[in-house]
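Here is a colleague's note on the empty spaces in this model and on one residue. Please read the points with the structure open.

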Amino acid sequence: MSIRSALRLGLVVAMLAALLAEASSPASPPAIAGELEWVFPTGGKVLSSPAIGGEDGTIYIGSLDGRLYALNPDGTERWHFKTGGGVGSTPAIAPADGTVYIGGGGDKFFALNPDGSLKWSYFTNGSLAGAPAIGADGTIYAASGNGRVYAVSPDGSPKWEFDTGSWLKTAPAIAKDGTIYVTRGHGRAYALNPDGSLKWEFPIPGGSNSSSSPAIGADGTVYFGTWDGELYALNPDGSLRWRFAARSWIDSSPAIGEDGTIYIGSGDGGLYAISPEGTVKWRFQAGAPVDSSPAIGDDGVIYFGAGNGRFYALNPDGTERWRFSTGDRVTSSPVVANGSVYFGSWDGKVYALSCSSNGPAPSPWPVFHHDPQRTGREGPGRLGPLLR
């Protein structure tokens, strides 16, 4: 046998041995939905909702320990940024360059580079409880506790501000035409033009407060909840379409499914599924207030947390799929990516659980603030690489 033939025979034998070894080795068992993948401890309660940015799947989330954390998908810390006050707000990630926008516990909000270095800060004379929204042109819209909505250029220079006359705890929502929707305390919802002028305002009957951030349906309908337990649906011109009464307050923000179903939590312990016409499809009793805003997976599973420290996954028909217990209340709104669901708890920890969803549902508004990057902007293309 020639040397060349011997080499060829050896190569064939090696390949066959490798194939046999692969066939005989047991396959890795599939992840069990609802199983803990990792937990990351912070130094304070985690009210913030996670955002996911970039192709690398970095998870950004704040803590009342005064830090914004950037975590790798395996739960290890990439970096943290000290804001000077507790971070209960939710970060928003600019799709164009990965800039991270976050409100601190004081009267500033920050723009950070993807590596965690400070890009700029902006003085708002009031804390940001919701999340900044990012317009198509990169403009950042922030609602402050002092009652003002701020529009800031990507370089940190001011564009305009609008005074609502009362405190704001919500995140602005941006429609396809650039209209900015925001709800305030003391009973008003506003629509602002991109130049900061008032388009319309809607007086909430009874003057009820609202800390439920708006969501926008496929037909432009604007949905939000109020402290008196009402879910409102407004037409794009500001007229009332319908309203639905839950049994207690609504702090949760709506999520919208592929078929237009609106999902929202209530202080009565219920997670409601409401038809686009305003009627109840089903109600799931969690046993404690549901202030967490639900997230809808691409397989139709609905994820949310409750005040009893439990985190739930529901089937599209409202039946329970699984639950997971944390050490304290869950008001953080989850985000789904690549078979994992991420959220925070008042026990000071960030959790990653295995799930059956690969990403958010391809629906008009599947998660709090529209998409995993939490841009708060309606429109296609904002769900990013997480739908692959």
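The points below take up the pocket, then a serine, then the cavity.

1. The model is predicted, and every value in this note should be read with that in mind. In this model, the largest pocket holds about 580 Å³ of space. Its lining counts 29 residues, and those closest to the pocket centre are Leu47, Gly88, Ala129, Lys169 and Thr331.

2. As to the character of that lining, the residues of the largest pocket divide into 18 polar, 7 nonpolar and 4 charged.

3. Serine 49 sits in the loop that runs between strand 1 (36–41) and strand 2 (51–53). Is serine 49 buried or exposed? With a relative accessible area of 3%, serine 49 counts as buried, because the limit for that term is under 20%.

4. The side chain of serine 49 reaches the backbone nitrogen of serine 333 at 2.8 Å. Leaving aside residues up to four places away in sequence, serine 49 touches Tyr60, Ile61, Thr90, Pro91, Ser332, Ser333, Phe368 and Arg374.

5. Turning to enclosed space, the count comes to 1 cavity of 30 Å³ or more, and the volume of the largest cavity is about 30 Å³. Its lining is made up of Tyr181, Val182, Thr183, Ala189, Tyr190, Trp200, Pro214, Val222 and Phe224, which divide into 8 nonpolar, 1 polar and no charged residues.

6. Which strands each supply at least two residues of the lining of the largest cavity? They are strand 15 (180–184), strand 16 (188–192) and strand 19 (222–225), and strand 15 gives the largest share, with 3 residues.

Terms used:
Residues numbered from 1 in each chain as written. Predicted model: local features only at pLDDT ≥ 70, side-chain atom pairs only at ≥ 80, totals over all residues. Heavy atoms only, no water. 1 Å grid on protein atoms, 1.4 Å probe; cavity = no way out; pocket = protein on both sides within 12 Å on 5 of 7 lines; lining within 4 Å. Points joined across faces, edges and corners; volume = space filled by probe spheres on them. Nonpolar A, V, L, I, M, F, W, Y, C, P; charged D, E, K, R; others polar. Helix = DSSP H or I, 4+ residues; strand = E, 2+ residues; numbered from the N terminus. Buried < 20%, exposed > 50% of the residue type's maximum accessible area, 1.4 Å probe, protein only. Polar contact = N/O pair within 3.5 Å; in protein donor to acceptor, adjacent residues only side chain to side chain. Contact = heavy atoms within 4.5 Å.
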